[in-house]
Amino acid sequence: MWKSAEALLAVAVAGAVGLAVLPAGADPAAPAEPGTAAQKTGETGKLQQAVNVPAPGPAPASAPASAPASAPVIGLGRTALPEEIAAWNIDVRPDGEGLPAGAGSVRRGEDLFLQNCATCHGEFGEGAGRWPVLAGGRGTLQSDRPEKTIGSFWPYASTVFDYVRRAMPFGNNQSLTADDTYAIVAYLLNLNDLVPEDYVLSKDNFPKVELPNQPNFFDDDRETAEKAFWKNDPCMADCAGAVHVTARAQVLNVTPDADPPKGNLE
Ligand code: HEC
């Protein structure tokens, strides 16, 4: 699955390069104009360069953003296969949409967590060494040292499911089955005192699980809350006025003393 998804990405990147280097209306088979990034399209390594390094001189008029709707079809790539789309489309939403079929108990989750997660996150999600803490921290968000965990900070159980399924265990991510993921998420919820020890989490009861900090998340309200700060004609040039240097870091003595750097920096 992953191999094919990567191949798809490679095709997509190649497609973007093709767009970037072909002047509008140009025949894809015709030799490229000299003096544009197009002259670097000989081989794959150079293609990469053509993306990252702007061509000297004025930007070619064919940058993707300004490409006219009538730009020629390049003919690269192919329609993504349903399996390829499924491999990418694994997000889970707060209402449970996107959840796979399956179920898992807190007890099974405990076993799986000990095998796959505890080396880094501790047996009870307390975090081994400096690895992230996954449980506890309730009531600390307004303190000087807020401890942000699933129980104290995260908004939805779906955030946990999505994250664990997508990104953990670190170094071997996307290796867990759907049932394993339900079980581990159930255990994480139990560690955070949100479900009892005999709980079985499933696709059906998942949307009923609520995390305590959820009410503190709200939709982006800048359009109303910050409207008073918006200006109709924002300043776009020379806005700061003259700059006066009032102190230099060296004079303020914030520059570290010139100890020789440790290690070989070459
Ligand atoms: C090799 C160490 C390691 C293992 C094993 C591991 N993790 Fe993690 N985990 C991490 C690291 C590192 C992060 C932080 C990643 C980041 O912020 O990009 C993390 C982050 C997390 C987070 C998000 C924490 C937060 O509040 O931001 C969760 C949840 C999590 N891991 C769950 C798990 C689960 C469940 C397993 C077992 C299936 C697991 N991890 C296995 C290292 C590990």
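## Burial and overall make-up

In this predicted model, 20% of the chain's 266 residues count as buried. The secondary structure consists of nine helices and two strands. From the N terminus onward, these elements follow the order α-α-α-β-α-α-α-α-β-α-α. Among the contacts with a separation of 6 or more, 60% join residues that lie 24 or more positions apart.

## Confidence in the model

The average pLDDT of the chain is 79, and 69% of the residues score at least 70. Two stretches remain under 50. Residues 1-57 form one of them, and the model has 68 contacts beyond four places in sequence for this stretch. Residues 59-63 form another, with 13 such contacts beyond four places in sequence. Where pLDDT is low, the predicted coordinates should not be read in detail.

## Helix α7 and its surroundings

Helix α7 comprises residues 178-191. At 1.5 Å a residue, its 14 residues should span 20 Å, and the C-alpha atoms at its ends are indeed 20 Å apart, so the two values agree. The helix is mostly covered, with twelve of its 14 residues buried. The buried residues run from Asp180, Thr181, Tyr182 and Ala183 through Ile184, Val185, Ala186 and Tyr187 to Leu188, Leu189, Asn190 and Leu191. Their cover includes the strands β1 and β2 (200-202) and the helices α4 and α6. Just after α7, Asp193 adopts a positive phi of about 60°.

## The largest nonpolar core

The largest nonpolar core has 28 residues, of which Ala157, Val160, Ile184, Val185, Ala186, Tyr187 and Leu188 touch the most other members. Helices α4, α6 and α7 are the elements that contribute two or more residues to this core. The greatest contribution comes from α7, which supplies nine residues.

Val185 illustrates how such a residue is surrounded. Apart from neighbours within four places in sequence, Val185 is in contact with Ala157, Val160, Phe161, Val164 and Leu201.

## Helix α4 and strand β1

Helix α4 covers residues 106-116, and its buried residues are Val106, Gly109, Glu110, Leu112 and Phe113. An α-helix has 3.6 residues a turn, so residues three or four places apart point the same way. The buried residues of α4 pack against β1 (103-105), α5 and α7.

Gly104 belongs to strand β1. Gly104 counts as buried because 24 C-beta neighbours lie inside 10 Å, where the cut-off for burial is 20 or more. Beyond its neighbours within four places in sequence, Gly104 is in contact with Gly109, Asp179, Asp180, Tyr182, Ala183, Ala186 and Leu201. The C-alpha atom of Gly104 is separated by 6.5 Å from that of Ser202, although the two residues are 98 residues apart along the chain.

## The shell around the ligand

The ligand has 18 residues around it, and those that come nearest are Cys117, Cys120, Met168, Pro169 and Phe170. The elements giving two or more residues to this shell are α5 (118-121) and α6 (157-167). Sorted by class, the shell contains twelve nonpolar, five polar and one charged residues.

Two of the residues that come nearest to the ligand, Met168 and Pro169, are joined by a cis peptide bond, with omega near -5°. Pro169 is placed in the loop between α6 and α7.

## Backbone angles in the loops

The loop between α6 and α7 also holds Gln174. Gln174 is a residue other than glycine, yet its phi is positive, near 65°. Because Gln174 has 13 C-beta neighbours inside 10 Å, it counts as partly exposed.

Asp238 is located in the loop between α8 (222-225) and α9 (249-252). Asp238 likewise has a positive phi, of about 50°, although it is not a glycine. With 7 other C-beta atoms within 10 Å, Asp238 is exposed, since a residue with 12 or fewer is placed in that class.

Terms used:
Residues numbered from 1 in each chain as written. Predicted model: local features only at pLDDT ≥ 70, side-chain atom pairs only at ≥ 80, totals over all residues. Near = placed C-beta within 6 Å. Helix = DSSP H or I, 4+ residues; strand = E, 2+ residues; numbered from the N terminus. Nonpolar A, V, L, I, M, F, W, Y, C, P; charged D, E, K, R; others polar. pLDDT = per-residue confidence, 0-100. Contact = placed C-beta atoms within 7 Å. Expected span 1.5 Å × (residues − 1). Core = buried A, V, L, I, M, F, W, Y, C linked by C-beta atoms within 7 Å.
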